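Work through the exercises below with the sequence and the model open. Each task is followed by a solution in steps.

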Amino acid sequence: MGANAKGMLAGIGFVAAMLTAPSALAQPAAMVSAERPNFVLVLVDDAAYMDFGIYGGEARTPVIDRLARRGMMFSNYRSSPLCAPSRAMLLTGLDNHRTGLATIPEVLPPEHRGQPGYGMSLEPGVVTVADRLQAAGYRTYMTGKWHLGHDEGALPDAHGFNRSFVLDASGADNWDETPYMPYYRTADWFEDGQRTHLPDEFYSSQFLVDRMIDYIDTGAGSDDPFFAYLAFQAIHIPVQAPREFTDHYADTYSEGWESLRQARTRRAIALGLVPETTEAMPLPEPMRAWTDLSEADRALYARSMAVNAGMLEAMDHHLGRLVEHLEATGQFDNTIFIITSDNGPEPSNPVAEPGFTTWMSLHGYSRELENLGERGSYAFIGPEWAMAAAAPFNLFKFYVSEGGLRVPFVIAGPGIEAGGSSAAAGFVTDVTPTILDLAGLSDDTQALTGRSLRQVISGESPTAYQPHEAIGFEVSGNSALFRGDYKLVRNMPPWGDGGWQLFDLSLDPGETRDLAGDRPDVLASMLADYNIYAATNGVLELPDNYDIHNQITINALKRQLEFYGWQLALVLVFGLGAIAAGIRWWFSRRRQ
């Protein structure tokens, strides 16, 4: 397919997104049933499939566990492999390329900038679930990570939220207003569309819940229900939590990542989350064996994972304060909770990047065992722990293996079967149509990519998708297509080879046995389905030799030059002047 044809198809996807304006936007609120539930949509950042206690994780998450027992937990739900595309899909019900967030700006190659679907903010005409609910009489609130653009008209106040307090970046410090990587000069927070600043006493999970409670209380006494979108920073880099939440995991991870990966795989099978035939891939090269680390490094990495668990527990604790508030104010029984993650665990090892430790010190960060996780510290889990956390699946965030896509999904509240579990396929694009259906706006979902899971969660149907239906994903070249039990996978370097693989997930969710050579008929058929998906949604081919991690470094360096170019120029001028003066002095001494 030529470049012009691809551009035309991308434009078709863009126009399709613009034509999804719902009929409910013009529907008077009085036409909607008075018995409408509230919604609390909780998005955890970078949580692995088994990170919640109810899914077999080590962290204490009693609030999430309680909600899961009150409702239904899914074992076969998938998001996209990267944060901004997932958030766009979550809030719109559309494929990420139809929203304008095909990937994230941090990894965008210059060849894709400004192309339809690659604008890095929600494109004109794209309607969010908040837009639709607001038009139907809902009060709509958001706190937390937005990451969908902050130019004029790109923030939550322009996309259906009555009140919002948001971070527009891929992450930031959890203790104060500090950026977390060289791509950003500042940590940009906005309230109701205006640049704002954090209070002196701040911890992200606590503050985001506090502000959400304030917003909900502003509508106290109103008959209008509310939609609350709570997008936590936990457990994104930098991994940080108060010591009282981290100390009791001091010995939990001392046996290392291979041990954790095996233990989680056994628990997943015992809990019935995956079939007994499941095997987990071993850690790939060049990941390190736990025993190859020095004693000091083992202590630092074990503590990093303890902070990771503590950050999850702290998030759950503060979510519990919101639950308690809704119970105390009589709003809990009519509230539907949806809790999930945007993608699998984060594998990045930032200190391995050239110059990063210098950048850390310039921004007041340290990575010391004694205060890891606390104010001024910088913790992360790295690729080995991410691979272990993703068990029993393969790989992690950025990639479309199950470790990057399959995440926990809990839904609880009125009309939802209590104590249930479902192995039905569910996707991030299904969240918006499910919310609209439960709100009595099911006629408003026809043009969406996803579909409502209401019949699954009410026990009326075991599935929302038929075996012949093909569901595609693509982010930065990492591509997948699901059809029945089969999955087509392409992972790009450095953790993939760019080739297509085929797996039967009903027997092999760990993706250990590539069937591409054994089932060429299925491979060819699914490749044809993937090409239809890519053309329909305007997926662009990657430039030659694209590497997602190299692109992050390049884009961050370019941003640093934008931020500090004149300072660097002055340093260069003075440096060259000093060198010239030194050379003149040396020659004058020689002549003397």
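**Exercise 1: two helices side by side**

The axes of α6 and α9 come within 9 Å and cross at roughly 15°. The model is a predicted one.

Task: State which orientation class the pair α6 and α9 falls into, and which residues of α6 and α9 meet.

Solution.
- Step 1. Angles under 35 degrees count as roughly parallel. With a crossing of roughly 15°, α6 is therefore roughly parallel to α9.
- Step 2. The handedness of the crossing between α6 and α9 is right-handed.
- Step 3. From α6, the residues S205, Q206, V209, D210, I213, I216 and D217 take part; they meet A314, M315, H318, L319, R321, L322, H325 and L326 of α9.
- Step 4. Sorted by class, the residues of this contact of α6 with α9 are eight nonpolar, four polar and three charged.

**Exercise 2: the surroundings of α6**

Task: Describe the span of α6, and find which elements its buried residues pack against.

Solution.
- Step 1. Helix α6 covers residues 204-218, which is 15 residues. From first C-alpha to last it reaches 21 Å, close to the 21 Å expected at 1.5 Å a residue.
- Step 2. Its buried residues are S204, S205, F207, L208, V209, R211, M212, I213, Y215 and I216.
- Step 3. These buried residues of α6 pack against the strands β4 (139-145), β5 (163-167), β6 (189-191) and β8 (226-231), and against helix α9 (295-328).

**Exercise 3: another partner of α9**

Task: Classify the arrangement of α2 and α9, and give the make-up of the contact of α2 with α9.

Solution.
- Step 1. The axes of α2 (residues 62-70) and α9 come within 7 Å, and the crossing angle is roughly 55°.
- Step 2. An angle of 35 to 65 degrees is neither roughly parallel nor roughly perpendicular; α2 and α9 are therefore oblique to each other.
- Step 3. P62, V63, I64, R66 and L67 of α2 meet M315, D316, L319, G320, V323 and E327 of α9.
- Step 4. The contact of α2 with α9 comprises seven nonpolar, one polar and three charged residues.

**Exercise 4: a serine in a strand**

Task: Is S479 buried or exposed, and which residues is S479 in contact with, leaving aside neighbours within four places in sequence?

Solution.
- Step 1. S479 belongs to strand β14 (residues 478-483).
- Step 2. Its relative accessible area is 0%, so S479 is buried.
- Step 3. Beyond the neighbours within four places in sequence, S479 is in contact with V400, F473, E474, L488, V489, R490, W500 and Y530.
- Step 4. For V489, 10 residues apart from S479 along the chain, the C-alpha separation is 5.9 Å.

**Exercise 5: backbone exceptions**

Most residues other than glycine have a negative phi, and most peptide bonds are trans.

Task: Locate D192, L395, I235 and P494, and give the backbone angle for D192, L395 and the cis bonds.

Solution.
- Step 1. D192, not a glycine, has a positive phi of about 50°. D192 sits in the loop between β6 and β7 (194-196) and, at 26% relative accessibility, counts as partly exposed.
- Step 2. L395 has a positive phi near 60°. L395 is in the loop between α11 (382-389) and α12 (402-405); with a relative accessible area of 4%, L395 is buried.
- Step 3. The peptide bond from A234 to I235 is cis, with omega near 5°; I235 is in the loop between β8 and α7 (243-246).
- Step 4. The peptide bond from P493 to P494 is also cis, with omega near 10°. P494 is in the loop between β15 (486-490) and β16 (500-504).

Notes:
Residues are numbered from 1 along each chain as its sequence is written. This is a predicted model: local features need pLDDT of at least 70, side-chain atom pairs count only at pLDDT 80 or more; totals for chains, interfaces and linings use all residues. Side-chain values use heavy atoms; hydrogens and water are left out. Helices (H or I, at least four residues) and strands (E, at least two) are DSSP runs, numbered from the N terminus. The expected span of a helix is 1.5 Å times one less than its number of residues. Buried means under 20% relative accessible area, exposed over 50%, partly exposed in between (1.4 Å probe, protein chains only). Contact means heavy atoms within 4.5 Å. Axes are lines fitted to C-alpha atoms, for helices over the stretch in contact, and angles run from 0 to 180 degrees between N-to-C directions. Angles under 35 degrees count as roughly parallel, over 145 as roughly antiparallel, 65 to 115 as roughly perpendicular and the rest as oblique. A crossing is left-handed if the near helix is turned anticlockwise from the far one by less than a right angle, and right-handed if clockwise. Ala, Val, Leu, Ile, Met, Phe, Trp, Tyr, Cys and Pro count as nonpolar, Asp, Glu, Lys and Arg as charged, and the others, Gly among them, as polar.
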